[in-house]
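Trainee: Could we go through this structure together? I would like to begin with the pockets and then turn to the charged pairs.

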Amino acid sequence: MIDLKKESEKMLLDAAERLAQFVSSSSFEVWNRKDFRMYLDFDHISVGEHDRIFNELLVSTLGMYVLFAEYAVERSHIAFKSLLTDFKNNLVLSFLDQFRKAGVEEKNIKEWSTLINLRFKEYHDDYKVALKESEKAKEFDKTEDDLRIRWAIVETITIDCLDHVRRGKVEKDDPLWKLLRKWFILRTAEMNPVVKLGQDKSS
C-alpha cells in the first residue's frame, strides 16, 4: 500500500532540490546576457565584482522562491502546512548542499549561510512594506489578493536585487530595473504548482 504522506514528502523534497539547481542555472542565464552585462559595464569592472553580482542574483532568486513558499504555507490547508514548511527549509538546504557537492569548504558555505540570512531579513522587512503599499494601490481590488501578493514579492526582490547589484547607486529609469523585473516575473512560474498545492483544499 502506498504511503501518500511519504510519497508527498519525497515529491516535495525532489522538487526543492530541482528548484535549488534551477536557482543557479537561471541566475547564470541572466548574468550571462549581453544586455545585463552592458547595463553594468562588465568590461570595465573586476572579476571579483562579476562574482559578487552573480551571488546577488543567486540569493535574490532563492529569496523570491522562499517568499512564495511562505505564501503557500500561509494560505494552505492545515494538511499541507507541515509539508510546505519542509519544502521551504529544504529549498535553502538543497541550495547550500550544491556547494558541498562541488567541494566548497565549510567555512565558505557558512559565509553563504550568513549572506542568505542577512538578505532574507531584508527581503522580509521590505516585503511587509510592499504588501502594505499594495493595499492602497488602485490597481488591485479586494478579490485580487493572490495577484497583489505576487506583485509585492516580485517588487521586493527586484528592488532589493537592483540596489545590491548597483551597490546602492540606482538612478531613475535604470534599464536594469525593467530587465530584472521581467526576469523575476518569468521565474515565478516555477512556484505555481507549490502555491496551488497549498491552496487546493483551503477555503
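Trainee: How do the residues lining the second largest pocket divide into nonpolar, polar and charged?

Mentor: The lining of the second largest pocket holds five nonpolar, no polar and six charged residues. Here Ala, Val, Leu, Ile, Met, Phe, Trp, Tyr, Cys and Pro count as nonpolar, Asp, Glu, Lys and Arg as charged, and the others, Gly among them, as polar. Please keep in mind that this is a predicted model, where local features need pLDDT of at least 70, side-chain atom pairs count only at pLDDT 80 or more, and totals for chains, interfaces and linings use all residues. Residues are numbered from 1 along each chain as its sequence is written, and side-chain values use heavy atoms, with hydrogens and water left out.

Trainee: Which residues line the second largest pocket?

Mentor: Its lining consists of E29, R33, D35, Y39, P175, K178, L179, K182, W183, L186 and R187. Two elements, α2 (34–39) and α7, give two or more residues to this lining, and α7 gives the most, with seven residues. Helices (H or I, at least four residues) and strands (E, at least two) are DSSP runs, numbered from the N terminus.

Trainee: How is a pocket defined, and how much space lies in the second largest one?

Mentor: About 160 Å³ of space lies in the second largest pocket. On a 1 Å grid over the protein atoms alone, a pocket is an open set of points where a 1.4 Å probe fits, with protein on both sides within 12 Å along at least five of seven lines; lining residues have an atom within 4 Å of a point. Grid points are joined across faces, edges and corners, and a volume is the space filled by probe spheres set on the points.

Trainee: And the largest pocket, what lines that?

Mentor: The largest pocket has about 220 Å³ of space. M11, L12, A15, R18, L19, F87, E190, P193, V194 and L197 line the largest pocket. α1 (4–31) and α8 (192–199) are the elements that give two or more residues to its lining, and the largest share, five residues, comes from α1. By class, this lining has eight nonpolar, no polar and two charged residues.

Trainee: Changing topic, how many salt bridges does the structure hold?

Mentor: There are 16 salt bridges, each a side-chain nitrogen of Lys or Arg within 4 Å of a carboxyl oxygen of Asp or Glu. In one of them, R167 meets E49 at 3.0 Å, N to O. R167 lies in the loop between α6 (145–165) and α7 (175–187), while E49 is in helix α3 (residues 47–75), 118 residues apart.

Trainee: Is E49 buried or exposed?

Mentor: E49 is buried, at 16% relative accessible area, whereas R167 is exposed at 52%. Buried means under 20%, exposed over 50%, and partly exposed in between (1.4 Å probe, protein chains only).

Trainee: What of helix α3 as a whole, how many of its residues are buried?

Mentor: In α3, 22 of the 29 residues are buried, so the helix is mostly covered.

Trainee: Which helices do E155 and R181 lie in?

Mentor: The side chains of E155 and R181 form a salt bridge of 3.1 Å, N to O. E155 lies in helix α6 and R181 in helix α7, so the pair ties together parts 26 residues apart in sequence. E155 is buried at 13%, and R181 is partly exposed at 23%.
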